[in-house]
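Q: Hi! Could you walk me through this one? I'd like to start with contacts and then look at the packing.
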Amino acid sequence: MLKNDFFLWGEKYFYAPDLFQISLAILLLPFSFIYFCVVCLNKFFAKPENFGIPIISVGNLTLGGNGKTPLTMAIFNEFSPKFKTFIILRGYARKSKGLVLVAKDGEILCDIDKSGDEAMLFATKLKNSNVIVSENRKIAINYAKNLGAKLILLDDGFSKFDILKFDILLRPNIAPKLNFILPSGAWRYPEFFYRYADFIPNQNDIKYNSKIINETPKMVLITAIAKPNRLSEFFNKTAAQVFFRDHYEFNEKELEKIVQKYGATSILTTEKDFVKMQNFKFKFSVIIQETKISENFKTELQQYISQNLIK
């Protein structure tokens, strides 16, 4: 619980700081300057490697919760029928190391402990999914090519400055309160790094549609995602909201206590959380998010893919 309390404190620190937290952020500015220098050196001294295959990265400049996962799925759904597409990601909070092939042609090849929650969501929700987790994206790209990949999607890949790719950068749906880089603020990279994006979607380029499947009269919202307040449209449909840190590994007994405490008729949760809860005995209501991209966005991606296909 200590880690969870720290996560909730961090959410407040970055997005709604009190006077003490603002003072702390100012005191940490020398460390932010050091971090700024390291990030800039990594960017400007990197030599991007051309892998001879279209690589599209979906990233952001601030800490998580900006819609990378649903956008990656939307791009996969759009282009995988035409090109054998692999999604590559680090696999945060997984209990494995190295490269793991999570899914190939829709067949799930490992459990969630080895894949992590986001990778398993990709693997289970996407038709004919191809998913790899690896700390080393270069090794994973070559592995995917050997498996016949024609298009690579890097989830959260902006920081891989040594890989030649098409960089999509998402702007935060909830802006950080302080315009500082880590650890004084929520910016992972300086805001001027937006100039290095190949495409920055505007509000017309991505359309999100969310709905609840299996809604019940008295739901309790339980989630472990970054920026949980982005689910606020559903708060008035729930008896309570319980937040855990991003990628939290749920325990069936602690969820049972929450259900009993609020007399809930079901647990309302996200698809990303549900892949970790689905084997528990509770009744679930799930927030489903469908994401569509504009014709302009599709054209930008198609032009890049056509110019970089393996000849």
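Q: Leaving aside neighbours within four places in sequence, which residues is L63 in contact with?
A: Happy to help! This is a predicted model. Beyond its neighbours within four places in sequence, L63 is in contact with F14, Y15, L182, A186, R188 and K227.

Q: And where is L63 found?
A: In the loop between β1 (55-60) and α4.

Q: Is L63 buried or exposed?
A: Partly exposed, because its relative accessible area is 26%, and buried would need a value under 20%.

Q: What about T69, buried or exposed?
A: T69 is buried, since its relative accessible area is 14%. T69 lies in helix α4, and leaving aside neighbours within four places in sequence, T69 is in contact with E118, L121, F122 and D155.

Q: Which feature does UniProt place at T69?
A: The unreviewed UniProt entry gives a "binding site" at T62, L63, G64, G65, N66, G67, K68 and T69.

Q: Switching topic: which residues touch the most other members of the largest nonpolar core?
A: That core has 50 residues, and those touching the most other members are I55, I56, L71, V102, I152, I168 and L301. Helix α4 (residues 68-79) gives the largest share of this core, 6 residues.

Q: Nice. What is L71 in contact with, leaving aside neighbours within four places in sequence?
A: V58, I168, L170, I206, I293 and F297. Apart from this core lies another one, of 19 residues, including I222, A224, F244 and F280.

Methods: Residues numbered from 1 in each chain as written. Predicted model: local features only at pLDDT ≥ 70, side-chain atom pairs only at ≥ 80, totals over all residues. Heavy atoms only, no water. Core = buried A, V, L, I, M, F, W, Y, C linked by side-chain atoms within 4.5 Å. Buried < 20%, exposed > 50% of the residue type's maximum accessible area, 1.4 Å probe, protein only. Helix = DSSP H or I, 4+ residues; strand = E, 2+ residues; numbered from the N terminus. Contact = heavy atoms within 4.5 Å. UniProt positions renumbered as here; feature names shortened; annotations may be inferred.
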